[in-house]
Every structure is written in structure tokens, then in C-alpha cells.
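New to this one? Take a slow look at the sequence and the 3D view before reading on.

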Amino acid sequence: MDGPRPAATAPDTAESTDRALLRGVATILVAVALVCSLALGTALFAPTLIDGLGFEDGPSPSSEPPPAGERTPAVTDPDDPGNSSYETDIETIRSPTVEDFVHAEINERRAEHDLPPLEWDGTVASVARAHAYDMARSEYFDHTNPDGEGPYDRFEDVDSYCRGYGENIAMTWVDRRVQRPDSNDVVRYQTAEALANGLVDQWMNSTDHRHAILEAGETPRWDRAGVGVYIAEDGSVYAGQNFCREW
């Protein structure tokens, strides 16, 4: 077969289907590389903005998140925008804090299913953050960027130590009233902790995204992951949870 290439399916924007991409499991036998391509579709629903509803009591500020891991890896994506933030009446929501909360919450969900925690990977997080920024800047919501690159392409542009690679993406808003398409719940994320919980809930409430997180079905057994979040000036939030299995 050919060398490892990611197969991606495009998610739709608001209230439609997103696809998580799982990719490239390669086994070297003698001098021949045999590649098993693995694609798992996932559905993601972006929340809907709504007006005219008020919230009398604001939430409490975020607690202190457990640090995810190395924030300054030796190798980073050159398009990584770094930290971003948005100020609400409760606190300044900072992207690294959201990333820490998401990573911790993902590992808690995995622990509930007797799965080991994923090690934080700063390089994978940097690739995810660069893609989140690109989606916000170029106004699209997809695993494949306008240049036709999928998640595994983007990672291989930076490094090449993952033999299995996967991606979940999400989009929402901070400090805006949104209604989740999978329920009648109306939420307004005014803290980093609430935003992180909302992102994880979106993924866990989608069967195929949950499979990616919990290694169900044909999902590879991940050993590391990174979270990339970009918060735009208008309050829109783009996030990626990228998974890796090392060679």
C-alpha cells in the first residue's frame, strides 16, 4: 500500500454533522511498510445562538485546573497563534486554562471506563491549536483545511512520531446564549471551566466522538493527546482534541 495518509470526512457547520478523523496505523515488516488506514466517522453538533433569555445568577469563577503538561515543547506548529482570551463579567477566559480543563476532563471520562490517562503532548496540542486558529481566521469548520490538508497531513508537516492519529473538533461561543442541538438546554459559558465542560459534553454526547475518546470500536489505543483552543475577539471558540499513538 501507499504510505500513511489521513482520510477525513467533512463536518457541517451549525446543527449538522461533524466527522472525527482517525488515521494511519502502520506496521513495518522486514523492509516493507504495510499500512492499515483507519477512518472513523463522528457526528458533532454546533450549538445555536439564541437571544432574549436572561440568567439572573452568574456562575462562580473557575477553580484551578490541574496542569496538563509541557507548554513549551521543542517542536511546535509555526502557525500556532499561542494564547488567546476573552473577558466576561466573571473572569478572563484564557485558552491554556480551557485546554487544561478539557484534558483533565477527558482523562476523568476515560478513568470511568477503566482506561489509562492520556499523556499530554505539547506538539500535538500545538498542531491542534494552529488548526483551531485557521478555522476561526478562514471562517470554516472542517477537518480538511482550504489547502486540502487533513489532520495527519498537518501533524506530519511538523513531526512524524505518531503511527495512529485522530481528531475531534468543536465550535461554540463564550458569553453568548446558545442552545445545544442535542437538548433544550440553554447555556452561557462565562468561565473557562464551564466552557471546557461544555466542549467535552459535546463530544461525549456524540456516539462516534465518544468512541474516539474511549477507544471503542476500531479506534486505535491512544497513548498521548493534545488540546488546542482558540478564542476569537467575537467570542467564537474553535477547539480540537487530537490523539496520537507513538511508533
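What follows is a short tour, from the overall picture to the helix α1, the cores and a few salt bridges.

**The overall picture**

First, keep in mind that this is a predicted model. The average pLDDT of the protein is 82, and 76% of the residues reach at least 70. One stretch to treat with care is residues 1-45, where pLDDT stays under 50. The model still has 130 contacts for that stretch, counting those beyond four places in sequence.

The protein has 247 residues, and 52% of them count as buried. Five helices and 12 strands make up its list of elements. Among contacts with a separation of 6 or more, 72% are between residues 24 or more positions apart. As for the outside, the accessible surface comes to about 11200 Å², with 45% of it belonging to carbon and sulfur atoms.

**Helix α1 and the cores**

A good place to start looking is α1, which runs over residues 95-111. This helix has 17 residues and spans 24 Å from its first C-alpha to its last, close to the 24 Å expected. Is it enclosed or open? Largely enclosed by the rest of the structure, because 14 of its 17 residues are buried.

In soluble globular proteins, nonpolar side chains tend to be buried together. Here, the largest nonpolar core holds 44 residues, and V98, V102 and L195 are the ones that touch the most other members. The elements giving two or more residues to this core are α1, α2, β8, α4, α5, β11 and β12. Which of them gives the largest share? That would be α4, with seven residues.

For a closer look, click on V102. Leaving out residues up to four places away in sequence, V102 touches A196, L199, V200, W203, V227 and Q241. There is also another core, lying apart from the largest one; this one has nine residues, including F155, Y161, C162 and Y165.

**Salt bridges**

The model has 15 salt bridges. Here are three of them, with the N to O distance for each.

| Basic partner | Acidic partner | Closest N to O |
|---|---|---|
| R71 | E99 | 2.5 Å |
| R109 | D201 | 2.8 Å |
| R137 | D134 | 2.9 Å |

Take the R71–E99 pair: R71 sits in the loop between β4 and β5, while E99 belongs to α1, so to speak two distant parts of the chain, 28 residues apart. R71 counts as partly exposed because its relative accessibility is 33%, whereas E99, at 1%, counts as buried.

The R109–D201 salt bridge also starts from α1: R109 lies in that helix and D201 in α4, so the pair ties together parts that are 92 residues apart in sequence. R109 is buried at 16% relative accessibility, and D201 is partly exposed at 23%.

The R137–D134 pair stays within one helix. Both residues lie in α2, three residues apart, which is about one turn of the helix. Are the two partners buried or partly exposed? R137 is partly exposed, with a relative accessibility of 49%, and D134 is buried, at 15%.

Finally, some salt bridges share partners, and these join R71, D80, E99, D100 and R129 into one network.

How values were computed: Residues are numbered from 1 along each chain as its sequence is written. This is a predicted model: local features need pLDDT of at least 70, side-chain atom pairs count only at pLDDT 80 or more; totals for chains, interfaces and linings use all residues. Side-chain values use heavy atoms; hydrogens and water are left out. A salt bridge is a side-chain nitrogen of Lys or Arg within 4 Å of a carboxyl oxygen of Asp or Glu. Helices (H or I, at least four residues) and strands (E, at least two) are DSSP runs, numbered from the N terminus. Buried means under 20% relative accessible area, exposed over 50%, partly exposed in between (1.4 Å probe, protein chains only). A nonpolar core is a set of buried Ala, Val, Leu, Ile, Met, Phe, Trp, Tyr and Cys residues joined through side-chain atoms within 4.5 Å. Contact means heavy atoms within 4.5 Å. The expected span of a helix is 1.5 Å times one less than its number of residues. pLDDT is the predictor's confidence in each residue, from 0 to 100. Accessible areas come from the Shrake-Rupley method with a 1.4 Å probe; for residues, only the protein chains shown count as cover.
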